[in-house]
Amino acid sequence: MAQEKEIKEKRINIEGEEPQQQKGDGGEEKPQAEGSHADNDVKKEDCHSPQNGQEPKTEEETQNANGKEEQKEQEDPLQKALDDKAKLADQLLRTMAEFDNYRKRVRKEKADLILNGAEKTVTAILPIIDDMERAIANAGKSEDSKKIEEGWELIFQKFNKTLEGLGVRRIDTKDADFNTDFHEAVAMVPGMGDEKKGKVIDCVQTGYTLNDKVIRHAKVAIGQ
């Protein structure tokens, strides 16, 4: 009875223990069961399997992808050149449009200058015309000819001063040497002696310059 009881306790102890890895006679571990090998193989396959459901690329697909990238790199300089060409063409069109607008504006300003270029001169002369009208209106009312003469002298001086303000100057001919740049000989006066030879003897018509440019030569008589 005691032996049977001892056998039962050993069986209970054996059944309650966790299965441990068996060792051989020399203390070496025995190979694991086939189930454990299968689990390891599944884990290895999981490690090498493509992620996110993507299939691995074949060698042909990889070569095609590389070829497309190389082709794209080769096309980039051409595309850049085309873009530069389009940019330059746009700049050229804009420049041509701006120049056309500038030409039209200059043409209009030139036409206005031709039509209204004398505006400043006319505006300066208008007060003198007013003085002349008043002088004419009062000429018949005054019996003093000396006052009328003085009035016209003042108008003449005012007119000359206005011309000087516009850049107009009289050409001086008194005792001047004959100069074809300023004088026009209309008569020769013989017998004037060596001192008067080649000099202006008389001025028939006054000459004028505008900003140092001769606008009318002085008509003179010179000694011979």
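User: Why is proline 127 called partly exposed?
Analyst: In this predicted model, proline 127 has a relative accessible area of 35%. Partly exposed covers the values between under 20%, which is buried, and over 50%, which is exposed, so proline 127 at 35% is partly exposed. The residue is placed in helix α4 (residues 119-139). Its C-alpha atom is 9.9 Å from that of isoleucine 155, and the two residues are 28 apart along the chain.

User: What makes threonine 173 a buried residue?
Analyst: The relative accessible area of threonine 173 is 12%. The limit for buried is under 20%, and therefore threonine 173 counts as buried. Threonine 173 belongs to the loop between β1 (168-170) and β2 (183-189). Beyond its neighbours within four places in sequence, threonine 173 contacts His183, Val200, Cys203, Ala218 and Val220.

User: How do you know that aspartate 175 and lysine 196 form a salt bridge?
Analyst: The closest N and O atoms of aspartate 175 and lysine 196 are 3.9 Å apart. A salt bridge requires a side-chain nitrogen of Lys or Arg within 4 Å of a carboxyl oxygen of Asp or Glu, so the pair at 3.9 Å qualifies. Aspartate 175 is in the loop between β1 and β2, and lysine 196 is in helix α6 (residues 193-196), so the bridge ties together parts that are 21 residues apart in sequence.

User: Are the two partners, aspartate 175 and lysine 196, exposed or partly exposed, and why?
Analyst: Aspartate 175 has 52% relative accessibility. As exposed means over 50%, aspartate 175 is exposed. Lysine 196 has 33%, a value between the limits of 20% and 50%, so lysine 196 is partly exposed.

User: What makes aspartate 177 and lysine 199 a salt bridge, and which parts of the chain does the pair link?
Analyst: The N to O distance between the side chains of aspartate 177 and lysine 199 is 2.6 Å. With the limit set at within 4 Å, the pair is therefore a salt bridge. The pair links distant parts of the chain: aspartate 177 lies in the loop between β1 and β2, lysine 199 in the loop between α6 and β3 (200-205), and 22 residues separate them. Aspartate 177 is partly exposed at 48% relative accessible area, and lysine 199 is partly exposed at 25%.

User: Why is the pair of aspartate 100 and lysine 104 described as about one helical turn apart?
Analyst: Aspartate 100 and lysine 104 are 4 residues apart in helix α3, and therefore about one helical turn separates them. The pair also forms a salt bridge, with its closest N and O atoms 3.4 Å apart. Aspartate 100 has a relative accessible area of 24% and so counts as partly exposed. Salt bridges with shared partners join Asp100, Arg103 and Lys104 into one network. The count of salt bridges in the model is 8.

User: Why is the aromatic pair of phenylalanine 99 and tyrosine 102 called tilted?
Analyst: The count of aromatic pairs is 1. In this pair, formed by phenylalanine 99 and tyrosine 102, the planes are 35 degrees apart and the centres 6.5 Å apart. Stacked applies under 30 degrees and edge-to-face over 60; 35 degrees satisfies neither, so the pair is tilted. Both residues lie in helix α3 (residues 59-116), 3 residues apart, or about one turn of the helix. Tyrosine 102 is partly exposed, at 43% relative accessibility.

User: Which residues form the nonpolar surface patch, and what is their accessible area together?
Analyst: Leu92, Leu93 and Met96 form the patch, and their accessible area together is about 330 Å². Methionine 96 is located in helix α3.

User: What makes the phi angles of asparagine 211 and aspartate 212 worth a remark?
Analyst: Most residues other than glycine have a negative phi. Phi is positive in asparagine 211, near 55 degrees, and in aspartate 212, near 70 degrees. Asparagine 211 lies in the loop between β4 (208-210) and β5 (213-216), and aspartate 212 is found in the loop between β4 and β5. Exposed means over 50%, so asparagine 211 at 58% is exposed, and aspartate 212 at 75% is exposed.

User: How many helices and strands are there, and what share of the residues is buried?
Analyst: The protein has 6 helices and 6 strands. Buried residues account for 10% of its 224 residues.

Technical notes
Residues are numbered from 1 along each chain as its sequence is written. This is a predicted model: local features need pLDDT of at least 70, side-chain atom pairs count only at pLDDT 80 or more; totals for chains, interfaces and linings use all residues. Side-chain values use heavy atoms; hydrogens and water are left out. Rings of Phe, Tyr and Trp (its six-membered ring) pair if their centres lie within 6.5 Å; planes under 30 degrees apart count as stacked, over 60 as edge-to-face and the rest as tilted. Helices (H or I, at least four residues) and strands (E, at least two) are DSSP runs, numbered from the N terminus. Buried means under 20% relative accessible area, exposed over 50%, partly exposed in between (1.4 Å probe, protein chains only). Contact means heavy atoms within 4.5 Å. Patches are made of residues with over 30% relative accessible area and no salt bridge: like charges are joined within 9 Å, nonpolar side chains (Val, Leu, Ile, Met, Phe, Trp, Tyr) within 5 Å. Accessible areas come from the Shrake-Rupley method with a 1.4 Å probe; for residues, only the protein chains shown count as cover.
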